[in-house]
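User: Hi! Could you walk me through the aromatic residues in this protein?
Analyst: Happy to, let me pull it up.

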Amino acid sequence: MAELKPATASLDARTTKIRNVPIAVTPEGFWCCPSQAVLQKTAKNQNQQAKTKGGASPPASKASSIQRAPTISSERRTHSTPTRSKINSEEQRCLSGENAAANPPKAVNERPQKQHKVSVGFGQLEMSDLKVVLYGKDGVAVKMSVHKNILAENSTFFADKLSRQSPVSSVEVTDCDDVEIYVETVGLMYCSDVKQRLIKQTVPRVLRILKVAELLGFRACVISCLYYLEAVPWVGEEEENVVSSIRNLQSENYGVSPVLKRVASDLTTPPNDTFSHIIELVLRSNEDRGRREMKSLVQKLLKENSTTCTGESSDLCAETLYRSCQNCLESLLTLFQQATDSDFAEQSLNIKEPVFRQIALEADNLLWLAEILADRNAADDFAVMWASQRDLAGLHSKLPVKSRHLVSCVTARLFVAIGKGEMLPSKDTRRLLLDIWLQPLMDDYNWLQHGCRSFDRKVVEEGIGRTILTLPLEDQQTILLSWLGKFLKVGDSCPNLQKAFEVWWRRTFIRPYADQQGNRPQSGRS
């Protein structure tokens with residue numbers, strides 16, 4: 001807080017340019033003084049008038065040339081402040097005016113001072129018994145005609161200063177950061193209902209008032225600001241600013257917990273039950289649009305939290321996701337068995353359609369869970385679970401491709417994750433994935449290309465190829481030769497693994513020959 005000190009001697013020497021400004025009430029209900037832009041416009045007009053009169057300073061006038069203080073309804077203002085060096089020099093000239101008071105003609109002939117001053121009064125001006133002068137860092141000085149009893153009753157800061165320096169008729173506050181809000185806060189001490197004055201104000205402006213009120217020890221104003229912040233919506237960056245400002249008041253026992261409850265829970269452990277409930281609601285939804293949009297939203301939020309969610313909370317999240325995966329796999333296997341039963345083929349379409357619909361939903365659920373786990377780099381165990389579904393893969397070919405193709409999308413997503421290094425399953429798991437699920441994927445490949453909008457052929461083929469190339473050379477040969485036979489029969493209806501085939505070829509035929517050529521000179525020298 002800027003230092004408060006008596007100014008009985010220097011006040012008169014500094015008031016040659018003070019302009020009286022009447023008290024005004026903005027549409028938001030605040031007492032206010034002119035904004036910085038108006039002050040500089042007034043000073044500019046003064047300088048122009050002084051030049052037209054030959055450079056002589058105009059006589060001081062007690063009449064106000066500003067008929068009403070401007071309305072301050074926006075946080076955006078034009079600041080055109082002088083440099084710090086100029087401010088310091090002007091302050092030195094103001095201080096030197098105290099020593100030069102005995103020589104008025106010399107003071108009149110000096111250039112007009114650049115420090116702009118205004119005067120504001122509160123309450124019954126004729127009964128004012130205290131002058132408070134605020135000197136802002138932007139070159140603005142404001143003289144307030146106030147009442148000691150009002151300030152001492154509402155502000156612990158003023159009460160302390162006045163009790164130690166009494167009797168005193170005027171005080172100064174130097175280096176005031178926010179003169180405008182300071183004046184408004186003092187004006188609020190004269191209001192019977194501070195909370196009512198804050199209605200329709202903006203959040204940034206109330207935060208400024210809160211800061212000054214805390215510095216002045218104006219408890220009623222601080223509590224009213226907190227009441228306002230607890231009730232009003234926060235938009236965009238306002239939330240961070242409010243939380244930051246409120247947390248600075250924690251030690252003052254102002255009762256800030258109702259405000260912070262909006263962003264912080266009293267629970268000390270992560271709300272895992274709530275998270276499980278959300279996942280379950282999304283997985284069980286049958287409405288296409290709501291299901292699609294909430295899946296996208298939850299996945300985005302989990303991706304944002306993946307870098308900050310660590311330790312126990314991360315383990316609980318993974319546990320919930322894997323429990324959901326297991327439930328979906330069990331349900332999917334049951335549905336596959338029902339759909340491939342001999343009696344099911346004789347059922348009517350009204351009975352078959354719900355089953356096929358549920359198969360598609362469960363496969364889509366597994367694909368979504370696999371995406372989330374891959375984004376969190378926690379899909380290794382899911383790869384093990386998927387590679388162990390031999391019964392499910394065996395029933396795959398017995399279902400219509402229209403109903404089963406999303407199952408192959410799960411396989412494709414795992415190959416992409418392995419190819420990108422998003423998961424690191426063991427060699428046995430990688431080989432098992434290829435042995436069990438590569439053939440069903442190739443059987444559905446033509447449908448995936450033309451009937452699945454989210455399917456990216458190049459990315460999937462690159463993932464499959466890279467997964468194959470992580471295996472021992474003998475396993476690479478077995479899988480790629482099997483692929484070659486199918487590719488030569490159906491062409492684009494199966495994955496194009498020519499890049500992986502090319503790498504395997506070089507490893508098998510070119511590199512061993514080069515190694516043998518390099519070893520011959522060594523054997524000759526030996």
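Analyst: Here is a chat about ring pairs, a charge over a ring and a surface patch; keep in mind that the model is predicted.

User: Great. How many aromatic pairs are there in the whole structure?
Analyst: The search turns up 11 aromatic pairs. One of them is F344 with F356: the ring centres are 5.7 Å apart and the planes are at 80°, so this pair is edge-to-face.

User: And where do F344 and F356 lie?
Analyst: F344 is in the loop between α15 (311–339) and α16 (349–375), while F356 is in helix α16, so the pair ties together parts 12 residues apart in sequence.

User: Are those two buried or exposed?
Analyst: F344 and F356 are both buried.

User: Cool. What about F501 and W504, how are their rings arranged?
Analyst: Their centres are 5.3 Å apart with the planes at 50°, so that pair is tilted. F501 and W504 are 3 residues apart in helix α24 (residues 498–525), which puts about one helical turn between them. Both are buried.

User: Which residues form one aromatic cluster with them?
Analyst: The cluster is made up of W483, F487, F501, W504, W505 and F509.

User: Switching topic: what sits over the ring of Y227?
Analyst: That's the charged end of K195, 4.2 Å from the ring centre.

User: Last one, the surface. Which residues make the nonpolar patch?
Analyst: M294, L297 and L301 make a nonpolar surface patch of about 230 Å². L297 belongs to helix α14 (residues 288–305).

User: Why does L297 count as partly exposed?
Analyst: Because its relative accessibility is 34%, and partly exposed covers the range between 20% and 50%.

Key:
Residues are numbered from 1 along each chain as its sequence is written. This is a predicted model: local features need pLDDT of at least 70, side-chain atom pairs count only at pLDDT 80 or more; totals for chains, interfaces and linings use all residues. Side-chain values use heavy atoms; hydrogens and water are left out. Rings of Phe, Tyr and Trp (its six-membered ring) pair if their centres lie within 6.5 Å; planes under 30 degrees apart count as stacked, over 60 as edge-to-face and the rest as tilted. Helices (H or I, at least four residues) and strands (E, at least two) are DSSP runs, numbered from the N terminus. Buried means under 20% relative accessible area, exposed over 50%, partly exposed in between (1.4 Å probe, protein chains only). A charge sits over a ring if NZ of Lys or CZ of Arg is within 6 Å of the ring centre and within 35 degrees of the ring normal. Patches are made of residues with over 30% relative accessible area and no salt bridge: like charges are joined within 9 Å, nonpolar side chains (Val, Leu, Ile, Met, Phe, Trp, Tyr) within 5 Å. Accessible areas come from the Shrake-Rupley method with a 1.4 Å probe; for residues, only the protein chains shown count as cover. A salt bridge is a side-chain nitrogen of Lys or Arg within 4 Å of a carboxyl oxygen of Asp or Glu.
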